Amino acid sequence: SARLLEGLATFAWLPPIFVSADLGAGIAGLTTQEFEQLMFEACRLSVVQTREAGQRYGMHPLMAWAARSPTAERNFRERLDAWFLERLPPTHRGAGPQGPRWESIHVERELLTAWLAALPIEQAGAVARAGNDYAQVAGPFLAWAALCERALAAPAISADDREALLLLSCIALEKAGQYQQAQQRAQELCAWAQSRGDTELFAMGRDQVAVGLIHEGRLQDALRILREEVLPIYTRLGSVHKRAIALGRIAGILTTQGQLDEALRIRQEDTLPIFQKLEDMHSVAITQEGIASIYEYRGRLDEAVRIRTDVSLPIYEKLGDRIGRAQTIEAIAAISQRRGQLDEALRRYQDEVLPIYEQMGDSRLAARTRGQMADIQQDRGQIDEALGVWKDDLLPFFQKIGDLLAVSDSLARIVEIYRQKGLDRKSTRLNSS
């Protein structure tokens, strides 16, 4: 019918990327049933190709060029924009339908990257606002950062757009491991906020500066900014949610410094009740993970596993937060590793954690997981293999992104492995004498 032909002519404007029936139907302006009927006929005529057992559809560039209708290009742009903008915003109160919506974007990651790269500058601010939460959780971080950089370099953007783009740029660059660029944007955000007399925005910028200092290993400086600059502003303005997030950062620093009692008190008394009251389930999951980490430090491993399995994991799964879910599984696997259950730990790292980090483009978390796997190699006596991972792969990576804490940890691991190699050689010589 004419309706199906118009749908095919619009679908043909897709880049050479295979997409789901859900997205394809949205672009074609058809129901899912109509789209699948169209794809059946188009595949039969070899106009369209399928992948993943017929679950994803795409066209060869030459075939797409021949099938395109010039009048359909505008429909394609508008429908693609609408498809993403309908699914990007989070559900702030409770879990709601966020999980299925975000999962539908996860599987279109390649097209999301292409869409962000081609987005007109005048739409960048609105997309940054709509996609802010998704971008922080799921990325692709470099693609979001590139959109922000491109828009911020434009000669004229509105004040509201600049604010949204600066905020997202700081976070996306930090998540992508581009720490120096993230710090530069955070300082720019602070200056922009001061020029506008926006005290709350200034505090948000200083919060991001503190995050950068944490990556540099300057924990006391970060703690000072959070306690003396950020918290007082949020308290004075009554920004309850932002204040709780800043307190969570403080608790994280205190945990690293071994001040576990105060860190646990902050998590349990100052932040968790706020997030629960506001029904911010994502922050609830993060806070519970922080509590589990404190229990783990204290040797209460069963309790740490219970919190992660029964509380954090279900929330991340319901919200469609793949990275949060993978981080929680990684923490559970680390406890298995600590207990000597190396096969179980390695299986989870390889099958449930590393593939997600790689799919989501989070090279920093992927590197951390490879470090965990190298530790298992070391525990199994595969000393040279473990040394190769730390020395030739992870140390150069952490040096490149400027993660000084990770660099310090990598050097410590390398020294430990060299010491073990020396002891092993000495033991071998003694046994053979």
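A count of the aromatic pairs in this predicted model comes to 6. One of them brings together W83 and F84, whose rings sit edge-to-face, with 5.1 Å from centre to centre and 90 degrees between the planes. Both partners are tucked away from solvent. W83 has a relative accessibility of 4%, and since anything under 20% counts as buried, W83 falls in that class. F84 goes down to a relative accessible area of 0%, so F84 is buried as well. Elsewhere, F11, F35 and Y57 come together as one aromatic cluster.

Aromatic rings also turn up with arginines over their faces. R68 lies over the face of W13, at 4.7 Å from the ring centre. A similar arrangement involves R300, which lies over the face of Y295 at 4.0 Å from the ring centre.

Then there is the second largest pocket, with a volume of about 250 Å³. Two helices, α5 (73-87) and α7 (109-118), are the elements that each give two or more residues to the lining of this pocket. In total, 14 residues line the second largest pocket, and those nearest its centre are F76, R77, L80, W115 and A118. As for the chemical make-up of this lining, 10 of the residues are nonpolar, 3 are charged and 1 is polar.

Conventions. Residues are numbered from 1 along each chain as its sequence is written. This is a predicted model: local features need pLDDT of at least 70, side-chain atom pairs count only at pLDDT 80 or more; totals for chains, interfaces and linings use all residues. Side-chain values use heavy atoms; hydrogens and water are left out. On a 1 Å grid over the protein atoms alone, a cavity is a set of points where a 1.4 Å probe fits but cannot get out, and a pocket is an open set with protein on both sides within 12 Å along at least five of seven lines; lining residues have an atom within 4 Å of a point. Grid points are joined across faces, edges and corners, and a volume is the space filled by probe spheres set on the points. Helices (H or I, at least four residues) and strands (E, at least two) are DSSP runs, numbered from the N terminus. Ala, Val, Leu, Ile, Met, Phe, Trp, Tyr, Cys and Pro count as nonpolar, Asp, Glu, Lys and Arg as charged, and the others, Gly among them, as polar. Rings of Phe, Tyr and Trp (its six-membered ring) pair if their centres lie within 6.5 Å; planes under 30 degrees apart count as stacked, over 60 as edge-to-face and the rest as tilted. Buried means under 20% relative accessible area, exposed over 50%, partly exposed in between (1.4 Å probe, protein chains only). A charge sits over a ring if NZ of Lys or CZ of Arg is within 6 Å of the ring centre and within 35 degrees of the ring normal.
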